[in-house]
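Reader: Hello! I am new to this structure and would like a close look at a single part of it. Please walk me through that part and whatever surrounds it, one step after another.

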Amino acid sequence: MKDELRYFFRPGRDLLPDKSEALRYMGYRSGADNEAFERLYEECLGEFMAAASYKAVARPAHINKDGELLDFGFCRIENGNLAKNLTGCRVCWLFAATAGAGIDRLIRRYSVLSPAKAMIIDCIASSAVEVWCDEVCRELAHSSGACKPRFSPGYGGVSLDYQKGILAFLDAGRKLGLTLTDSLLMTPKKSVTAFVGIKDQTGIEEIE
């Protein structure tokens, strides 16, 4: 496998968010208004799926390790949690995935018109981007062999400062339209970057 970008795309109507996760994000509890809520949820889901446009880009990177210091070529990170996650890996995928800018516009619109719908759509979108990331990881594992669980900046002590280097390495601004705010959060908001370790002897050591 060459050291090249891989691109993934799915129309919004082709991927169903995880409803149980969306409900968990919104702290929903069953009650007397279940029927009314279900109608509102389905209405929000339909609007979300019409607005979503799933895209992702991935690129492999070699890992040079010195204890907890990891050198990916485009950046160096010293972090025990990430080092533990990538134990047994000499190569990892870097990827960025998004549910698209249309979701940000939809949430902004309903933040004015209906805060309840804005909240429901926001939670559906949070669930949906996780489902999308899971699908991308399955595709990456299919092409390269068994992979470790994904690990994102902002967790486990890995600073969001690394987002800039990851997005540049992936050319995510041009490929996905991903940008960073001054506080290092991504736009579109429903987006994820991650490291995905590839277990040794799974066939991509020949990266040039």
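Author: What follows is a tour of helix H5 and its surroundings, starting from the sheet on which H5 packs. Please keep in mind that the model is predicted, with local features needing pLDDT of at least 70 and side-chain atom pairs pLDDT 80 or more, while totals for chains, interfaces and linings use all residues. Residues are numbered from 1 along each chain as its sequence is written, and side-chain values use heavy atoms, without hydrogens or water.

Let us begin with the sheet. Four strands form an open sheet in the order E1-E2-E6-E9, and their pairing is antiparallel (strands pair if DSSP finds at least two bridges between them; helices, H or I, are DSSP runs of at least four residues and strands, E, of at least two, numbered from the N terminus). At the edges lie strand E1, residues 6-11, and strand E9, residues 191-199, each of which pairs on one side only. From one strand to the next, the twist averages 20 degrees (angles run from 0 to 180 degrees between N-to-C directions, with axes fitted to C-alpha atoms, for helices over the stretch in contact). Between E1 and strand E2, which covers residues 53-62, there are six bridges, and the two strands run antiparallel. For instance, Phe8 has Ala56 in E2 as its bridge partner.

Now to the helix itself. H5 spans residues 115-144 and packs on this sheet, touching E1, E2, strand E6 (89-98) and E9 (contact means heavy atoms within 4.5 Å). The direction of H5 makes about 145 degrees with that of E6.

Helix H2 is another neighbour of H5. H2, residues 34-51, packs with H5 at an angle of about 60 degrees, and their axes are 9 Å apart. On the H2 side, the contact is made by Phe37, Leu40, Tyr41, Glu43, Cys44, Leu45, Glu47 and Phe48. H5 contributes Lys117, Ile120, Ile121, Ile124, Ala125 and Ala128.

Charged side chains come next. The whole structure holds 12 salt bridges (a side-chain nitrogen of Lys or Arg within 4 Å of a carboxyl oxygen of Asp or Glu). One of them joins Glu135 and Arg10, whose closest N and O atoms are 2.2 Å apart. Because Glu135 sits in H5 and Arg10 in E1, this pair ties together parts that lie 125 residues apart in sequence. Glu135 is buried, at 18% relative accessibility (under 20% is buried, over 50% exposed, in between partly exposed, with a 1.4 Å probe and protein chains only). Arg10 is partly exposed, with a relative accessible area of 21%.

Further along the chain, a salt bridge brings together the side chains of Glu130 and Arg150, at 2.4 Å from N to O. Here Glu130 belongs to H5 and Arg150 to the loop between H5 and helix H6 (163-170), so the pair links distant parts of the chain, 20 residues apart. Both partners are partly exposed: Glu130 has a relative accessible area of 30%, and Arg150 has 24% relative accessibility. Finally, Glu43, Glu47 and Lys117 are joined into one network by salt bridges that share partners. You have met this trio already, since Glu43 and Glu47 of H2 and Lys117 of H5 take part in the contact of the two helices.
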